[in-house]
Amino acid sequence: MGIYDPLHHINMWDDTYGCDISPNTGPSLISQVDTRQANKTEYNSQESLGPSSDNQEAKTMSEKLQRRLAQNREAARKSRLRKKAYVQQLETGRLKLAQLEQELERARQQRVYDGLLTTSHGLLSTNVNSGIVSFEIAYDMWVAEQHKKDNELKEMLQSQVSEVELRMLVDSGLNHYYELFQMKANAARSDVFYLMHGLWRTPIERFFQWLGGPRPSELLYMLMPQLEPLTDAQLVSVSTLKHSCRQAEDALSIGMEKLQQTLAQGITIDITGVGSYNSQMTLAMERLEGIENFLNQADHLRQQVLQQMSRILTAHQAAKGLVALGEYFQRLRALNSLWSARFREPTS
Amino acid sequence: MDKIQTLTSENGVVVFSKSTCCLCYAVNILFQELGVEPLVHELDHDPDGWEIEKALVNQGCNSPPVPAVFIGGKLVGSTNEVMSLHLRGGLIPLLRPYQTLA
């Protein structure tokens, strides 16, 4: 009853406006109104007392109300402070996220050279070779470009295109492979062992590796069925090419073995004590320089095989061959992804 | 150069080499596989080796100057040229007169 006293009501409002000078008056006012509504209900359920105790009751109720109002104000104040703190946290988080994104992009640009070495050697190398880093970036772009070229060639094969146009595309495709060999030659000057182990390639590709890349005679074996039908003359030419390629590969392999042997022998401790440490090391360094030559010869062989095949085949056959070659490497890489993911739990 | 002239005219297949060069060894292996026994002239064992090397470079054999292959008195080239020639099928015809190995 006292609560419905208009004067009392105005007093409550006075208190409200008196203490809450903040932009968030609205919501807190609402919450206060809500609380007040709850209070009203509360007080409504109370038994109405006699007129004699009205003032007493009003006084008690006023005190309780004051207390309740103060509590509300305090709660509202704390709520606003919490909200402010939360918003500040969000802002900081947003800045941090932007920073991390930048770092991630930089790291991606720089490539995970260390990660590659971890995969292949189980060691984390802190040597970040700039020549190798730029090779890896260039290689990623090369692979993407190769996909494009292979798809282009595939489309051309399915459409009515002239022999001349097709031959131009084939030449362009071949040149792209030659570009890779040039990139490799440049990178070999920075780190010959990186090239030797084919560290930019997937583990499955490296499984078939010969001197820093795929074995050219093996590629011929793989391509042959894709190119049928071939004329008798073509069959003879390809067979001869396969044979001479194999001979060249064997010669290079034997030469490489000789290099390894002489290198190992050259640096072993000379029990006669005649050889000096320094001269042995100098000679060993000279031999190591020879590795680069072998890698270059291996790529030269790959280039010659591609060139010769292009001469033996018609434009149409050569185009099919290039598409098959690109598909082969793509599938090897896809197989590698499947293999490395085989122990991962299904996400279903 | 005289020495080169002499050696290459008197011998069908000549490979100027260095004992430390394993690529020269590889080329030699290839020739043997093709039934030829070339004359291998080690420049580091020849007191005139340095002169010969200069002459070879002048004739176009550089990076590296060895192996330098001569067939029938004519310069064929280095490893690159030999390999290209072989894959094109042009090496064996050149070697035919000089094939001695079984």
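Me: What makes the residues of chain B and chain A count as a contact in this predicted model?
Reply: Contact means heavy atoms within 4.5 Å. The contact takes 17 residues from chain B and 24 residues from chain A.

Me: How do you know the area buried between chain B and chain A?
Reply: Buried area is what two parts lose in accessible area on being put together, summed over both. For chain B and chain A that comes to about 1800 Å². Carbon and sulfur atoms give 70% of that area.

Me: Which helices of chain B supply at least two residues each to the side that touches chain A?
Reply: Helix 2 (22-33) and helix 4 (79-87) of chain B do. Helix 2 of chain B gives the most, with seven residues. By class, this side of chain B has ten nonpolar, five polar and two charged residues.

Me: How many salt bridges are counted between chain B and chain A, and what would make a pair count?
Reply: A side-chain nitrogen of Lys or Arg must be within 4 Å of a carboxyl oxygen of Asp or Glu. The count between chain B and chain A is zero. Polar contact is another matter: the rule finds four residue pairs across the interface, both residues at pLDDT 80 or more.

Me: Why is A:Leu211 called buried or exposed?
Reply: Buried means under 20% relative accessible area. A:Leu211 has 10%, so it counts as buried. This residue is in the loop between helix 8 (203-207) and helix 9 of chain A. A:Leu211 also has a positive phi of about 45°, although it is not a glycine.

Me: And why is A:Thr92 called buried or exposed?
Reply: Exposed means over 50%. A:Thr92 has a relative accessible area of 52%, so it is exposed. A:Thr92 lies in helix 3 (residues 54-110) of chain A.

Me: Where are the prolines A:Pro229 and B:Pro67, and what peptide bonds join them to A:Glu228 and B:Val66?
Reply: A:Pro229 is in the loop between helix 9 (216-227) and helix 10 (232-267) of chain A. A cis peptide bond joins A:Glu228 and A:Pro229, with omega about 5°. B:Pro67 is in the loop between helix 3 (49-58) and strand 3 (68-71) of chain B. A cis peptide bond joins B:Val66 and B:Pro67, with omega about 5°.

Me: Over which residues of chain A is the pLDDT below 50?
Reply: Residues 13-35 of chain A are one such stretch. Over residues 117-126 of chain A the pLDDT stays under 50 too. Where pLDDT is low, predicted coordinates should not be read in detail. The mean pLDDT of chain A is 82, and 76% of its residues reach 70 or more.

How values were computed:
Residues are numbered from 1 along each chain as its sequence is written. Chains are lettered from A and ligands numbered from 1 in the order in which they are written. Side-chain values use heavy atoms; hydrogens and water are left out. Buried area is the accessible area (1.4 Å probe) that two parts lose on being put together, summed over both. A polar contact is a pair of N or O atoms within 3.5 Å; within protein, one must be able to donate a hydrogen and the other to accept it, and residues adjacent in sequence count only if both atoms are side-chain atoms. Helices (H or I, at least four residues) and strands (E, at least two) are DSSP runs, numbered from the N terminus. Ala, Val, Leu, Ile, Met, Phe, Trp, Tyr, Cys and Pro count as nonpolar, Asp, Glu, Lys and Arg as charged, and the others, Gly among them, as polar. Buried means under 20% relative accessible area, exposed over 50%, partly exposed in between (1.4 Å probe, protein chains only). pLDDT is the predictor's confidence in each residue, from 0 to 100.
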